[in-house]
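Please open the structure in a viewer and keep the selection panel at hand. The tour below proceeds selection by selection.

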Amino acid sequence: MKLDAIDLRILEAVQRDGRITKVALAEEVGLSPTPCWMRLRKLEKAGIVSGYHARVAVRRLAPVASVMMEVTLENHRQADFDRFERAVAAIPEITACWSVGGGVDYILRIMAADIDAYQRLVDGLLDREIGIARYFTYIVTKTVKEETALPLSVLLAAPEAPNS
């Protein structure tokens with residue numbers, strides 16, 4: 001799907017505020033409400049806008065441990081990756097899992113009640129024998145930046161022509 005500048009402004013606006021009203025969105029992007037809303041619906045139907053979410057400040061509710069974990073699997077057959085990914089998908093404390101290239105196979109983001117709860121989760125993963133050869137744990141001590149909005153204007157900008 002080819003996006004124009006108005007589509008990009010719509011996407012940037014709904015990333016900042018998923019609860020923006022039809023009128024406010026139209027004003028922000030410079031369209032009347034009906035065509036603006038039709039464009040947004042088209043972006044949703046195309047799967048470009050895949051959902052709307054609330055960002056919860058969990059640390060205002062309870063202390064939590066945020067952990068990054070690197071995982072290397074023992075074997076690298078497709079069945080090994082599938083088994084690991086199915087197990088990870090079923091654990092709610094694992095809030096993100098990325099398959100990566102380089103020295104490890106996966107990087108996970110885990111939110112646990114505390115470090116004890118994290119260790120019990122890891123022990124459970126190891127007990128399930130899902131192919132983990134080794135793992136490394138990194139405790140997040142401070143969140144410096146955590147954006148949920150994608151920098152669309154940077155990612156989708158046309159590359160500049162080199163100077164001749």
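Select helix 1 (residues 5-16) together with helix 3 (residues 33-45); in this predicted model, their axes come within 10 Å and cross at roughly 80°. Angles of 65 to 115 degrees count as roughly perpendicular, and helix 1 and helix 3 are therefore roughly perpendicular to each other. Display the side chains at the contact: I6, D7, I10, L11 and V14 belong to helix 1, and they meet C36, R39, L40 and L43 of helix 3. Sorted by class, this contact of helix 1 with helix 3 contains 7 nonpolar, no polar and 2 charged residues.

Keep helix 3 selected and add helix 2 (residues 22-29). Helix 2 and helix 3 pack with their axes 9 Å apart, at an angle of about 95°. This pair, helix 2 and helix 3, is therefore also roughly perpendicular. From helix 2, K22, V23, L25, A26 and V29 make the contact, and from helix 3, P33, C36, W37 and L40 do so. The class count for helix 2 with helix 3 is 8 nonpolar, no polar and 1 charged residues.

Next, hide the helices and select the strands. The view should show an open sheet of 4 strands in the order 2-3-1-4, with antiparallel pairing. Which strands are at the edges? They are strand 2 and strand 4 (132-139), each of which pairs on one side only. On average, neighbouring strands of this sheet are turned by 20° against each other, with direction ignored.

Follow the sheet in its order, beginning with strand 2 (residues 94-99). Strand 2 pairs with strand 3 in the antiparallel sense over 5 bridges, and A96 stands opposite R109 of strand 3. Now select the hairpin of strand 2 and strand 3, where 6 residues lie between the strands and G102 takes a positive phi near 115°.

Proceed to the pairing of strand 1 (residues 65-73) with strand 3, which is antiparallel over 7 bridges. Here M68 stands opposite R109 in strand 3. On its other pairing, strand 1 is joined to strand 4 by 7 bridges, and these two strands run antiparallel. Select T72 to find R134 of strand 4 opposite.

Remain with strand 3 (residues 106-112) and colour its residues by face. Which of its residues form the covered face? Y106, L108, I110 and A112 form the covered face, while I107, R109 and M111 form the uncovered one.

Restore the helices that lie across the sheet. Helix 4 (residues 78-89) lies across strand 1, strand 2, strand 3 and strand 4, and runs at about 15° to strand 3. Helix 5 (residues 115-127) lies across strand 1, strand 3 and strand 4, running at about 170° to strand 4.

Select F81, F84 and Y106, which ring pairs link into a cluster. The number of aromatic pairs comes to 2. Of these residues, Y106 was met above on the covered face of strand 3.

Finally, select D82 in helix 4. Is D82 buried, exposed or partly exposed? D82 is partly exposed, because its relative accessible area is 29%, and the partly exposed class lies between 20% and 50%. To close, place a distance label between the C-alpha atoms of D82 and T72: they are separated by 14 Å, and the two residues are 10 residues apart along the chain.

Methods:
Residues numbered from 1 in each chain as written. Predicted model: local features only at pLDDT ≥ 70, side-chain atom pairs only at ≥ 80, totals over all residues. Heavy atoms only, no water. Buried < 20%, exposed > 50% of the residue type's maximum accessible area, 1.4 Å probe, protein only. Pairing = 2+ DSSP bridges. Phe/Tyr/Trp six-rings, centres within 6.5 Å; stacked < 30°, edge-to-face > 60°. Axes fitted to C-alpha atoms, helices over the stretch in contact; angles between N-to-C directions. Parallel < 35°, antiparallel > 145°, perpendicular 65-115°, else oblique. Contact = heavy atoms within 4.5 Å. Nonpolar A, V, L, I, M, F, W, Y, C, P; charged D, E, K, R; others polar.
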